[in-house]
Amino acid sequence: MAAAQLSAAPVAPHGPLPRTAHPMSNPGYGKRSAPNQKPPSARDFAHLEPREAAIATYIDQLPDGSDISVKTLAKLLPYGQCAMGTALRRLQAAGHLHRDEIVVANETSLLWVTRTHFSRTARDADWWNTFLRGDVPAEPRRSTRSRAFILLAALGEVNRSLALPEAACAMLEPQVTEWFERGADEADLLHALTSGLPSPVHHAPSFVRRRLIDKLPPVRIAAPPPPPAPSARRAAECRECKAPGPEGALLGGLCRPCRGDLAPLEGPPGTVPHDDVRSRMSQVRAALIPRQDRPRGRAGVTVRRRGGQNRATPPAGTS
């Protein structure tokens, strides 16, 4: 029997719902419109699923005091009570619908009454709590959205099945920011999120979150800087005698002799003066003993004794 009822249930198109005479609730009940709503537009409920968007559009056109209970809406719209209850809960989660229970007391009894507020503009929980306390929340200044939030909000324009509500964009914003920090750009993200989509996408926020995790690019390691180019060694030469030398020593392009600067170079203590080098070398050569006059020892080894005198060791077997 249940199967027969399900098969007989009409499949409703997700387009404009029929306008019929909608019943009103008892005075003090029914739909209550929230204040400070934006003017109606064609994209007021574009972030919702088609069924929820159609029901929200229908409720938005109803006057205050209309009966928007599950049973009444299920009688007038082509959805069953279970589907209608699910749709209203999703509208409440999206911030368009808010239900609160209050106690109405009279002389004989206490009665729990559910008040239903509807807002064309999606509101968060803080806004609704402030409103239900009796204060009209001030409209927050429009904050500048991040690069990640703008990309997530635009997914529905690239592919209708990936349209995300504002709360989902805020939830997924840190994950998209991590992609940008790893060097990805908008084209990389759109390709990763929209290519090879299944048909249908059952839950866009969960699908986008899974792809952001599975396709996260690795951290890009910066390449080491190239080694510095070897500095060119510049050699200079005297423009007169062509003698090489460091640039600092060739004043005006001339070496010391060509400039006429013949002053002896100063060196560390004990340095032989320039003019005495040849005479000193001649003295050293004169003090050397010629090779043929040097005494030889056994196997050609010269024996050097203390006192500076050399004596050759006699061969073995001689006295």
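**A guided reading of the predicted model**

Helix α9 crosses helix α10 in a right-handed sense. This pair of helices belongs to a predicted model, and the pair offers a convenient place to begin. Helix α9 covers residues 186-194, and its axis lies 9 Å from that of α10, at an angle of about 120 degrees. Because angles of 65 to 115 degrees count as roughly perpendicular and those over 145 as roughly antiparallel, α9 is classed as oblique to α10. The contact between the two helices involves Leu-189, Ala-192, Leu-193 and Thr-194 on the α9 side, and Phe-207, Val-208, Arg-211 and Leu-212 on the α10 side. An α-helix has 3.6 residues a turn, so residues three or four places apart point the same way.

The loop between α9 and α10 contains Pro-200. The peptide bond that joins Ser-199 to Pro-200 is cis, with omega at about 0 degrees. Most peptide bonds are trans, and most residues other than glycine have a negative phi. A departure in phi appears at Asn-36, which is not a glycine and yet has a positive value of about 55 degrees. Asn-36 is placed in the loop between β1 (31-33) and α2. With a relative accessibility of 40%, Asn-36 is partly exposed, because that value falls between the limits of 20% for buried and 50% for exposed.

The helix that follows this loop, α2, spans residues 50-60 and has nine of its eleven residues buried, so the rest of the structure largely encloses it. The buried set comprises Arg-51, Glu-52, Ala-53, Ala-54, Ile-55, Ala-56, Tyr-58, Ile-59 and Asp-60.

Two threonines illustrate different local settings. Thr-72 lies in helix α3, which runs over residues 70-76. Its relative accessible area is 13%, and Thr-72 is therefore buried. Apart from neighbours within four places in sequence, Thr-72 touches His-22, Pro-23 and Asp-67. Thr-114, in turn, sits in strand β3, residues 110-118. Its relative accessibility is 40%, so Thr-114 is partly exposed. With neighbours within four places in sequence again set aside, the contacts of Thr-114 are Arg-99, Asp-100 and Glu-101. Of these, Asp-100 is 14 residues away along the chain, while its C-alpha atom is separated from that of Thr-114 by 5.6 Å.

The cysteines come next. The structure has zero disulfides. Cys-82 has a relative accessible area of 70% and is therefore exposed, whereas Cys-169, at 2% relative accessibility, is buried.

It remains to consider the confidence of the prediction. The chain has a mean pLDDT of 77, and 72% of its residues reach 70 or more. Among the elements of the chain, the highest mean, 93, belongs to α10 (residues 204-214), and the lowest, 38, to helix α1 (residues 2-8). Residues 1-14 have pLDDT below 50, and this stretch makes seven contacts in the model beyond near neighbours in sequence. Where pLDDT is low, the predicted coordinates should not be read in detail. The helix pair with which this account opened thus includes the element of highest mean pLDDT, α10.

Definitions and conventions: Residues numbered from 1 in each chain as written. Predicted model: local features only at pLDDT ≥ 70, side-chain atom pairs only at ≥ 80, totals over all residues. Heavy atoms only, no water. Disulfide = S-S within 2.5 Å. Buried < 20%, exposed > 50% of the residue type's maximum accessible area, 1.4 Å probe, protein only. pLDDT = per-residue confidence, 0-100. Helix = DSSP H or I, 4+ residues; strand = E, 2+ residues; numbered from the N terminus. Contact = heavy atoms within 4.5 Å. Axes fitted to C-alpha atoms, helices over the stretch in contact; angles between N-to-C directions. Parallel < 35°, antiparallel > 145°, perpendicular 65-115°, else oblique. Left-handed = near helix turned anticlockwise from the far one by under 90°.
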